[in-house]
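Trainee: Please pick one part of this model and take me through it closely. After that, I would like to see what else the chain contains.

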Amino acid sequence: MDTEPLTKLDPAYTTVMRIEGALTVLPFLIAATVLGVVGAFPSPWTWAPMIVPVLIALVFVILVPLKRYMARGYHMSDDRLRVVKGVMFHADTVVPFSRVQHLDVEQGPLERTFGIARLILHTAGTHNSSVTLPGLAHDTAVAMREDIRAHVKRESL
């Protein structure tokens with residue numbers, strides 16, 4: 001196992017994951033509210049259907065993004081990029097720059113709003129042929145892409 005210290009992702013990544021989590025649980029909260037208001041459970045306990053969805057929402061919006069953020073990191077050396085991720089299923093991936101075919105920096109609407117991006121390294125082969133490093137500040141992702149591109153260009157000469 002590699003022992004070099006990992007660089008943490010941009011803290012805005014946690015906010016983006018929280019918004020994505022909120023958007024995921026929103027339909028369930030709406031459904032539970034409708035069930036309570038419409039009277040699918042007519043009783044003084046009309047708010048009871050909200051308990052479980054609210055608890056699940058709190059987990060998906062507060063706890064899961066924080067755990068995912070804390071479990072992720074990367075280390076870029078002169079000839080490779082190491083990406084570590086996973087709360088339940090841990091993955092520690094090392095991509096030698098000599099295997100990189102091409103590079104992408106991508107942003108979705110939320111990522112653009114918060115100034116973060118994903119660096120995607122496409123490699124030769126079929127297993128793990130692309131490695132994604134989300135949650136980077138956009139400027140950092142672009143700088144990393146250019147550093148890796150320069151290394152790949154030197155290797156090909």
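Mentor: In the protein, 51% of the contacts with a separation of 6 or more are between residues 24 or more positions apart. Keep in mind that the model is predicted. Of its 157 residues, 30% count as buried. The accessible surface comes to about 9,600 Å², and 64% of that surface belongs to carbon and sulfur atoms. Four helices and six strands make up the list of elements, and along the sequence they follow the pattern α-α-β-β-β-β-α-β-β-α.

The part to look at closely is helix H2, which covers residues 51-71. Start with its length. With 21 residues at 1.5 Å a residue, H2 should span 30 Å, and its end C-alpha atoms are 29 Å apart, so the two values agree. H2 also has a bend of about 35° at Leu63. A proline, Pro65, follows Leu63 within four residues.

Which residues of H2 are buried? They are Pro53, Ala57, Pro65 and Tyr69. Take Pro65 as the example. Its relative accessible area is 2%, and a residue counts as buried when that value is under 20%, so Pro65 is buried. Leaving out residues up to four places away in sequence, Pro65 touches Thr14, Met17, Arg18, Val59 and Phe60. Tyr13 can be placed against Pro65 as well: the two are 52 residues apart in sequence, while their C-alpha atoms are 8.5 Å apart in space.

Now go on to the strands. Strands of a sheet pair through backbone hydrogen bonds, and the pairing is either parallel or antiparallel. One open sheet has three strands in the order S1-S2-S3, with antiparallel pairing. Strand S1 (73-76) and strand S3 (91-96) stand at the edges of this sheet, each with a single partner strand, so one side of each has no neighbour in the sheet. From one strand to the next, the twist averages 10°.

The pairs can be taken one by one. S1 and S2 are antiparallel and share four bridges; His75 has Arg82 in S2 as its bridge partner. A hairpin of three residues leads from S1 to S2. Strand S2 (residues 80-85) is joined to S3 by six bridges, also in the antiparallel sense. Here Leu81 stands opposite Val95 in S3. The hairpin formed by S2 and S3 has five residues between the strands. In that turn, Gly86 has a positive phi of about 115°.

Another open sheet of three strands has the order S4-S5-S6, again with antiparallel pairing. Its edge strands are strand S4 (100-106) and strand S6 (130-137), and each of them pairs on one side only. Neighbouring strands of this sheet are turned against each other by 15° on average, direction ignored. Six bridges hold the antiparallel pair of S4 and strand S5 (residues 116-123). Within that pair, Val105 stands opposite Leu119 in S5.

When you follow any of these strands on the screen, remember a general rule: in a regular strand the side chains alternate between the two faces of the sheet. Then return to H2 and find the bend at Leu63 and the buried Pro65.

Note on methods. Residues are numbered from 1 along each chain as its sequence is written. This is a predicted model: local features need pLDDT of at least 70, side-chain atom pairs count only at pLDDT 80 or more; totals for chains, interfaces and linings use all residues. Side-chain values use heavy atoms; hydrogens and water are left out. Helices (H or I, at least four residues) and strands (E, at least two) are DSSP runs, numbered from the N terminus. Buried means under 20% relative accessible area, exposed over 50%, partly exposed in between (1.4 Å probe, protein chains only). Contact means heavy atoms within 4.5 Å. Accessible areas come from the Shrake-Rupley method with a 1.4 Å probe; for residues, only the protein chains shown count as cover. The expected span of a helix is 1.5 Å times one less than its number of residues. The bend at a residue is the angle between axes fitted to the seven residues ending there and the seven starting there. Two strands pair if DSSP finds at least two bridges between them. Axes are lines fitted to C-alpha atoms, for helices over the stretch in contact, and angles run from 0 to 180 degrees between N-to-C directions.
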